[in-house]
2 protein chains.
Amino acid sequence: MAKELKELTPREENYSQWYNDLVVKAGLAENSAVRGCMVIKPYGYAIWEKMQSVLDGMFKATGHQNAYFPLFIPKSFFSREAAHVEGFAKECAVVTHYRLKNAPEGGVVVDPDARLEEELIVRPTSETIIWNTYKNWIQSYRDLPILCNQWANVVRWEMRTRLFLRTAEFLWQEGHTAHATEAEAIEEAQKMIKVYADFAEKYMALPVIVGHKSENERFAGAVDTYTIEAMMQDGKALQSGTSHFLGQNFAKAFDVQFATKEGTLDYVWATSWGVSTRLMGALIMAHSDNNGLVLPPALAPIQVVMIPIYKGEEELAKMTEELEKIAAPLRAKGISVKVDNRDNVRSGFKFAEYELKGVPVRLVMGPRDLSNGTIELMRRDTLVKESVSVEGIVENVEAILADMQTSIFEKAKAHRDDMITKVDTWEEFKEVLETKGGFIYAHWDGTTETELAIKEATKATLRCIPLDSPEEDGVCVFSGKPSKRRVIFAKNY
Amino acid sequence: MAKELKELTPREENYSQWYNDLVVKAGLAENSAVRGCMVIKPYGYAIWEKMQSVLDGMFKATGHQNAYFPLFIPKSFFSREAAHVEGFAKECAVVTHYRLKNAPEGGVVVDPDARLEEELIVRPTSETIIWNTYKNWIQSYRDLPILCNQWANVVRWEMRTRLFLRTAEFLWQEGHTAHATEAEAIEEAQKMIKVYADFAEKYMALPVIVGHKSENERFAGAVDTYTIEAMMQDGKALQSGTSHFLGQNFAKAFDVQFATKEGTLDYVWATSWGVSTRLMGALIMAHSDNNGLVLPPALAPIQVVMIPIYKGEEELAKMTEELEKIAAPLRAKGISVKVDNRDNVRSGFKFAEYELKGVPVRLVMGPRDLSNGTIELMRRDTLVKESVSVEGIVENVEAILADMQTSIFEKAKAHRDDMITKVDTWEEFKEVLETKGGFIYAHWDGTTETELAIKEATKATLRCIPLDSPEEDGVCVFSGKPSKRRVIFAKNY
């Protein structure tokens, strides 16, 4: 059974299958009976809860409050903002009826008499319903800013789905803010993309490039979209969070005006920003190996697992007592510890299971350890084992958890940095993309035409225009036209 | 403006309008553009978050884990459990299409080519999709028990809606557990109704009667339903949480069998249990008065508000500094404190606002206080003001918060106890119901026929058969047939 557990498709062999095996076998998520919708299993949900808890704290620390808006949006709302309807109202779940009735042949059928006058859309994103609500909340500059966030489920009818990365229903948070001035709204959009970047780097141990989206890749209805882009182990990029400066587009679409300090009327300025369960996909793909998940300690539901090696019930009882004694001061430090003293499961199976689940530190105690005052410590990122003294174990484990958090980030960063290639010719562009992959840092002439031609030719998309990309004179790698700064292209999830 | 804020319809005059005014004016929730769906505003959501956080801790302490299951349920799943389809699959939101397209005349229309083969129901409750999932998780007794909970939104197409009490979409948690034995499942269902009762009494300060539902009022698909019933200030009952022993009904409907320890095959035993945003309605209606909300300190987002009375900017700055000095040690004790030093809002308006929002303790500092080392303290439940010394304020506030939590409960309990009337004749039953209301504690012959006849005649429903109702010989108040114990009738929300 230990063998069966470990049977992940090797990452080198088939990255995509390796990912899917890992998600399912580590008990993170699985496909459901409903096309494109996933079940998030308890272990996967526990990681998501940790992410939520940290992010929620960061949102509150930056002055935001949570609220909740309806799941359904009247169809007509989508037509109000021209770009938005193009981007969102197409592939979505449409509620047309509100009643079933018994079928004469058994079972139930939709009651044709219970047809809605106006169809309802299951929210793919909530700008429209929220701005329709904000209209009643905002009269004067005194009502601004409004800084709301909601944790919710959304639905986008995707044809090709992959667990966490692209599902019809997913969980996310969406911040929606309203401001009196353009400058304040832009500042908010930038602040939140930095919150996301901080979260990715400090908690997920995931280095990201922060940048603007091109006009073509912008959110439907946004004036400017900021993004964080991460690099996966297979050289493909993963967009991990976005923050949008929406200008006055939604205020105009829903007629939300306010009395300014100066006594004039003006439309309200807006932002929206979100991250989703897609972050789970990024976390898994960025760090894991052929033995299973590698979780940064900051997001690991179990940070330390303790396993006894024993013969007979008496020794098990003694070991358990000893392990609980070691666990207590660790728990007092806020470290989550699991003592796995199941008697009906072989140790080899337990080892494989916790490697698969990415538990950062494993402590194993055998009979000799018991008499020597030692314990075997293995860290999940390096799989290196060492015998350590039980005395001082708390400081030791604390130091290792802190070191792992940094090491996992440094490893991902070294890989990411290695995967940024500066290219100056179209031949080089194509060759690097095919042989090495990763982020291609190249000059672009700034037109959607060129961007789409590159995508057509190579499947590489313009991931972002990095905020820190310096001005330099160059020529577009595709069109040869002048360019003022390099941008990032990559194949992506 | 202070006047406008305070303008709640008096409770005595129109209880229902008072409730609605309160929910809207205290900024808890409002109706949305979607029929029957509410917007939960930041202050209301902050109370709900506190409830969630406490309940989630209680669920985890009793061994449960969170997970997430799909929003949509294939229509055919509902037909599998005969009683369940009758109870749930009728008034619900039905998704029939997955795409919109541009209309020639502008706007968007449902694309007739994108009709789903099988319609999807927006979950009104998740037993069916979860048991269809559990089928794959359970092979042997070693896989049991499964103790999952999910925090989610659900939709029931209600015709008459009221904020928090009855809305088409609402937020809730639903626990779904799977067990190897009948005894263990019954124990789980009982354990969780006790968790709910504990939560209601200790955190919501809401005394509840714990009992069984009659067969007629049972959850659709349950073998036994446990309920907690609370008494509102107007003498009407409010069902506040239920826990169901589902027997093997869903296991049989979804063919979930397991290999027992003894090597035989058996169907799995189930429970489900839930509380929802309806608890917000109970909390509001149980304690509040004509000045606004009265919140038990344990669930108040702001526990202490501090307001300076001052003249001029200089004094305001000095006062703010002083108030922050007092706030610091309170916050260090985990008490949430807001210092409201807004200069553009009159103190009278602030007073009214925090009374409306039910902030438990108000501290007001005027110029004389500043020199005397005193502060004016008002507690929200009694509205009694006293001048207290700043020295020792932390202990004082802590003691008052603790006392308020108890007092609010005791007051609600005294009212509830007063509203339980033992009646022995049908005339008395009708008279008490009309003149006094409340819980009527009477003998009942145990038949659905009598239960429905009583409801038909008086609108009173059988709220529950209390767990602690002693055996005693009596005759049914309606039919005169023999009865072994008294049950609780009431008009209800």
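# Questions about this structure

User: Is Asp255(B) buried or exposed?

Analyst: Count the C-beta atoms: Asp255(B) has 11 others within 10 Å. A residue is called buried if 20 or more other C-beta atoms lie within 10 Å of its own, exposed if 12 or fewer, and partly exposed in between, with C-beta atoms placed from the backbone. So the verdict for Asp255(B) is exposed.

User: Before we go on, what kind of model is this?

Analyst: Residues are numbered from 1 along each chain as its sequence is written, with chains lettered from A and ligands numbered from 1 in the order in which they are written. Local features need pLDDT of at least 70 and side-chain atom pairs count only at pLDDT 80 or more, while totals for chains, interfaces and linings use all residues, since the model is predicted.

User: Back to Asp255(B): what is its phi near?

Analyst: Asp255(B) sits in the loop between helix 8 (249-253) and strand 13 (257-259) of chain B. Helices (H or I, at least four residues) and strands (E, at least two) are DSSP runs, numbered from the N terminus. Asp255(B) isn't a glycine, yet its phi is positive, near 50°.

User: Which residue does a cis peptide bond join to Leu144(A)?

Analyst: Look in the loop between helix 6 (127-137) and strand 8 (146-155) of chain A, where the proline in question has its place. Omega of this cis bond is about -5°, and the partner of Leu144(A) is Pro145(A).

User: How do the two chains meet, and which strand of chain A gives the largest share of the side that touches chain B?

Analyst: The contact takes 52 residues from chain A and 52 residues from chain B, where two residues are in contact if their C-beta atoms, placed from the backbone, lie within 7 Å. On the chain A side, the largest share is ten residues, and they come from strand 5 (residues 91-102).

User: How many residues on that side of chain A are nonpolar?

Analyst: Ala, Val, Leu, Ile, Met, Phe, Trp, Tyr, Cys and Pro count as nonpolar, Asp, Glu, Lys and Arg as charged, and the others, Gly among them, as polar. By that split there are eleven polar and eight charged residues, and the nonpolar ones number 33.

User: In strand 5 of chain B, what stands opposite Val95(A)?

Analyst: Strand 5 of chain A and strand 5 (residues 91-102) of chain B run antiparallel, joined by five bridges. Two strands pair if DSSP finds at least two bridges between them. Opposite Val95(A) stands Val95(B).

User: What kind of axis relates chain A to chain B?

Analyst: Superposing by least squares on the C-alpha atoms of residues with pLDDT of at least 70 in both copies, chain A lands on chain B with an RMSD of 0.0 Å after a turn of 180° and a shift of 0.0 Å along the axis. In chain A, the C-alpha nearest the axis belongs to Val95(A), 2.1 Å from it. Also, 100% of the interface residues of chain A are interface residues in chain B too, so the copies meet through the same surface. The turn and shift are the relation of an axis that is two-fold.

User: Which strands stand at the edges of the eleven-strand open sheet in chain B?

Analyst: The order is 3-8-9-15-12-11-10-23-26-22-21, with mixed pairing. Each edge strand has a single partner, so one side of each is left without a neighbour in the sheet. Those edges are strand 3 (65-66) and strand 21 (420-422).
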